[in-house]
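Student: I have a chain open on the screen and would like to go through its fold. Can we start with the overall make-up and work inwards?

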Amino acid sequence: MYRNRLLLSFGLLVMFCIVQAVAAFWTSGIAAYHVERGRVSNQMLAEFIALGADKQRLKVWLAQYLLTNDAPLSERDRLLVQMEHILSNLQSLLVNDQLLSDDEQDYQEVNRQIRALSILETNIFALKRSLLDKESITLSEAEIWRLLIQTFDKLEGLDLKSLIAEAIELQRQRASKAESAAVDALSKVRTIVLSLAVFGSITAVLLAVLLLRALYSPITRLLEGTSAVASGNFTHRIAELDDKEFRNVATSFNTMSAALEEARQAELRHTLEIEQEVSSRTAQLKHALEQLKQAEAQQKQFFADVSHELRTPATAIRGEAEIGLRGKDKTAEEYKETLKRILDASAALSGRIDDLLLLIRGENSMALLDVQSVPLVEVATELVSKAQREAKVQGRELRLHFDDAVEMSEHCIRVDMGKLLQAWQILFDNAVRYSPATTALDMVVSISNNQFEVSITDYGIGIADYELNSVFDRYYRGDNARKLRPDGLGIGLSLAKYLIEQHRGFIQLKSRLHQGTTVMFRIGLEGFLP
């Protein structure tokens, strides 16, 4: 798998880094060792040279002191202390040099320097004692030079000058050898580090090439897939090839593309639904606006009709009163006739006001119903009697179709008899008003599906089909109705429908233009109410 190859490659690179670090640390340690040896050797050489120089300065001081007796003793003491300090430094440096020795020759050379240093220490201390003993000596010039030679060159049988010169030469050779070894060590360090760096770089490049070759094709396919998705092509799929990791990536990508495609389709469907909903709501708002305009027009018409309906009986009352009061006194019979006409006009005005108040109360007027259980026969008889009385008053023929099942029924219905008669009066009045006086009226009383059913049919002006859905709307009046009877509020059928529904009943109207209208209502028998 690609992951294993990747881990192997990183493991090799880490191993090369560790090897390179170890090699660099090891070679740098060797180089530091040789550099330290060179430093110690050069410092010892410098100390030996400084010791020889101080010895010559001390020799010059002694000559000056013996010849002129004018050399300061502090200079002698300073030079002696400085030489002792150099001997101490050489002692420490020889110890370090001995620790840094790595072969037999180094040990022998260091031992030679140790012996030379021991001799030098002995001679320096002897020179110090000798100089201190000669502070008050008076000699001739020849004796002075002989004393100088004995003190500095042939002290206690040793050639101090030659000893220092040999130590300096030996140390110069050791310093040169240490420098050469340090240069060689640094060169080897550079060679090893450079070789490891080159080898590691070549290995890294080879591993990178191998990994990139294995990675190029899957990455290319993935980039093509992402470009396709970015451009909106969610149907694009990546071939599930190569190693397991890339197959998993391809599978995940294909799953994501499928989910995006599904989400896009869902969004399109949702957008379409929203557009349809917006269109539907727009149509509803348009229809509501049209209804509002229609309602506004109906309201204006209603107020005009109300004004007319209320003004007519009020004008009649006022007119009758003025007639009764005008002119000479009238007989009691004439006054009775006038008051009777005023009473009739007042009753008409009161009826109009009651109708308006009942519509205004709306559903709250349900509390006004005094519902009682009344025998079906009694209810049917009341409705028929009222219809027959009104037909006689109006001079109309009423053809009655009374079902025998009603007359024989022992069922009761729950009704407010007064409100039911009021609704029936409205329906009967409409049949009378909108049909010719020469035509008959048909009334049917029956029982159907456990429901008490009453209908009235006229053969008058009828209602157009497009108006049938609006006849029960409050304040609505059809065109034919307005032409035939300009007066009217358009609240009769609305009020009748409301009263029947308050009895849990159902009202229905069927009509054909210029042929007549049938209005029917049903109320469920007691025990069979919906």
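Student: How many helices and strands does the chain have?
Tutor: The chain has 12 helices and 7 strands. Keep in mind that this is a predicted model.

Student: What share of the residues is buried?
Tutor: Of the chain's 530 residues, 36% count as buried. The exposed surface comes to about 31,200 Å², and carbon and sulfur atoms supply 58% of it.

Student: And the contacts, what fraction joins residues at least 24 apart?
Tutor: 73%, taken among contacts between residues at least 6 apart in sequence.

Student: On to the sheet. What is the strand order?
Tutor: The order is S2-S4-S5-S7-S6, in an open sheet of 5 strands with mixed pairing. Strand S2 (398–402) and strand S6 (506–512) are the edge strands, each pairing on one side only. From one strand to the next, the twist averages 15°.

Student: Do S2 and S4 run parallel or antiparallel?
Tutor: Parallel, over 5 bridges, with S4 covering residues 441–448. In that pair, Leu398 stands opposite Leu441 of S4.

Student: Which strands does H10 touch?
Tutor: Helix H10 (residues 417–433) packs on the sheet and touches S2, S4, S5 (451–458), S6 and S7 (516–524). The direction of H10 makes about 25° with that of S5.

Student: What about H12, which strands does that one touch?
Tutor: Helix H12 (residues 492–502) also packs on the sheet, touching S6 and S7. Its direction makes about 145° with that of S6.

Student: Now the interior. Which residues touch the most other members of the largest nonpolar core?
Tutor: Leu383, Trp424, Met443, Phe452, Ile456 and Phe521, out of 43 residues in that core. At least two residues each come from helix H8 (376–394), strand S3 (412–415), H10, S4, S5, H12, S6 and S7.

Student: Which element gives the most?
Tutor: H10, with 10 residues.

Student: Why would such residues cluster at all?
Tutor: In soluble globular proteins, nonpolar side chains tend to be buried together.

Student: Back to Leu383. What is in contact with it, leaving aside neighbours within four places in sequence?
Tutor: Leu383 is in contact with Leu420, Leu421, Trp424, Met443, Phe452, Val454 and Phe521. Trp424, Met443, Phe452 and Phe521 are also listed with Leu383 among the core residues that touch the most other members.

Student: How many residues are in the other core?
Tutor: That core lies apart from the largest one and has 29 residues, among them Leu62, Ile86, Leu90 and Ala175.

Terms used: Residues are numbered from 1 along each chain as its sequence is written. This is a predicted model: local features need pLDDT of at least 70, side-chain atom pairs count only at pLDDT 80 or more; totals for chains, interfaces and linings use all residues. Side-chain values use heavy atoms; hydrogens and water are left out. Two strands pair if DSSP finds at least two bridges between them. Helices (H or I, at least four residues) and strands (E, at least two) are DSSP runs, numbered from the N terminus. Axes are lines fitted to C-alpha atoms, for helices over the stretch in contact, and angles run from 0 to 180 degrees between N-to-C directions. Contact means heavy atoms within 4.5 Å. A nonpolar core is a set of buried Ala, Val, Leu, Ile, Met, Phe, Trp, Tyr and Cys residues joined through side-chain atoms within 4.5 Å. Buried means under 20% relative accessible area, exposed over 50%, partly exposed in between (1.4 Å probe, protein chains only). Accessible areas come from the Shrake-Rupley method with a 1.4 Å probe; for residues, only the protein chains shown count as cover.
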